[in-house]
Amino acid sequence: MGRILAVDYGEKRVGLAVSDTMQIIANNLTTVSTLEVYNYLEQYLEKEEVDMIVVGNPKQLDNTPSQSAKAVRVFVENLARLLPEVEIFMIDERYTSKIASQSIAKSGLKKQKRQDKALIDSVSAVLILQDFMEMRKGAGQDNIIKIER
C-alpha cells in the first residue's frame, strides 16, 4: 500500500503532508515554493509510492469558492496531467489555517516560530490529510471530490 499525500496550495508556498504506508497516521512533510512544487512532487514520487493525492479545496463560509479556488483548480489540472497514475481528490479546507495557527500557538513554540507561515502551511496540510483519512472511513465520503481525467 502506498502513501497518501496532502497539499495545502497557496500563491507563494505549498504545505505538504504524507501518511504512513498503512494510511493511518498523517505527518508533516515540508513546505515548498509554489514555483518548485511540481518538481518536488515528481522527485518525491520517484522515491516513495503514493496511491493518492488530496488537495485542499478553498471555500468561503457560504460554501462558494474562495479567491484562490481558480489557482488551486489549475494546480489540480496540471497535477492530473503530470501524474496520471495517481488518484487525486479534493476536500473542503475551510478553517485549516486557523486551526493550524491555534495548534501551533498552543504548542509552546516561541512567537517567531509560531508566526512562521511555512509551518502553518505544512500543519494545514496535515489537517487536510487527517480530515481526508477520517472522511474515507465514515460518513464524510460525500464531501470528497474525485478528480476525473
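**Exercise 1. Find how strand 2 (13-19) is paired with its neighbours.**

Step 1. Begin with strand 2 and strand 3, which run antiparallel and are joined by seven bridges. Strands here are DSSP runs of E with at least two residues, helices are runs of H or I with at least four, and both are numbered from the N terminus. Two strands count as paired if DSSP finds at least two bridges between them. Before going on, note that this is a predicted model, in which local features need pLDDT of at least 70 and side-chain atom pairs count only at pLDDT 80 or more, while totals for chains, interfaces and linings use all residues. Residues are numbered from 1 along each chain as its sequence is written, and side-chain values use heavy atoms, with hydrogens and water left out.

Step 2. Look for partners across the two strands. Ala17 stands opposite Asn28 in strand 3, and Arg13 has Ser33 of strand 3 as its bridge partner.

Step 3. Turn to strand 1. Five bridges pair strand 1 with strand 2 in the antiparallel sense, and Leu16 in strand 2 is the bridge partner of Val7. A hairpin of three residues links strand 1 to strand 2.

Step 4. Check the surroundings of strand 2. Because six of its seven residues are buried, strand 2 is largely enclosed by the rest of the structure. Buried means under 20% relative accessible area, exposed means over 50%, and partly exposed lies in between (1.4 Å probe, protein chains only).

**Exercise 2. Place these strands in the whole sheet and chain.**

Step 1. Count the elements: the protein chain has five helices and six strands. From the N terminus on, they run β-β-β-α-β-α-β-α-α-α-β.

Step 2. Write down the strand order. The six strands form an open sheet with the order 3-2-1-4-5-6 and mixed pairing. Strand 3 and strand 6 (145-146) are the edge strands, each pairing on one side only.

Step 3. Add helix 1 (residues 37-47), which packs on the sheet and touches strand 1 (3-9), strand 2, strand 3 and strand 4 (50-57). Touching, or contact, means heavy atoms within 4.5 Å. The direction of helix 1 makes about 140° with that of strand 3; such angles run from 0 to 180 degrees between N-to-C directions, with axes fitted to C-alpha atoms, for helices over the stretch in contact.

**Exercise 3. Compare Met22 and Gln23: which is buried and which is exposed?**

Step 1. Locate them. Met22 is in the loop between strand 2 and strand 3 (26-33), and Gln23 lies in the loop between strand 2 and strand 3 too.

Step 2. Read the accessibility. Met22 has 53% relative accessibility, so it counts as exposed. Gln23 is buried, with a relative accessible area of 10%.

Step 3. Look at the backbone. Gln23 has a positive phi of about 60° although it is not a glycine. The hairpin that holds it has six residues between strand 2 and strand 3.

**Exercise 4. Which residues does Asp121 touch?**

Step 1. Find Asp121 in helix 5 (residues 117-137). Asp121 is buried, at 11% relative accessible area.

Step 2. Leave out residues up to four places away in sequence; Asp121 then touches Asp8, Arg13, Gly15 and Thr31.

Step 3. Compare sequence and space. Asp121 and Val14 are 107 residues apart along the chain, yet their C-alpha atoms are separated by 6.6 Å.
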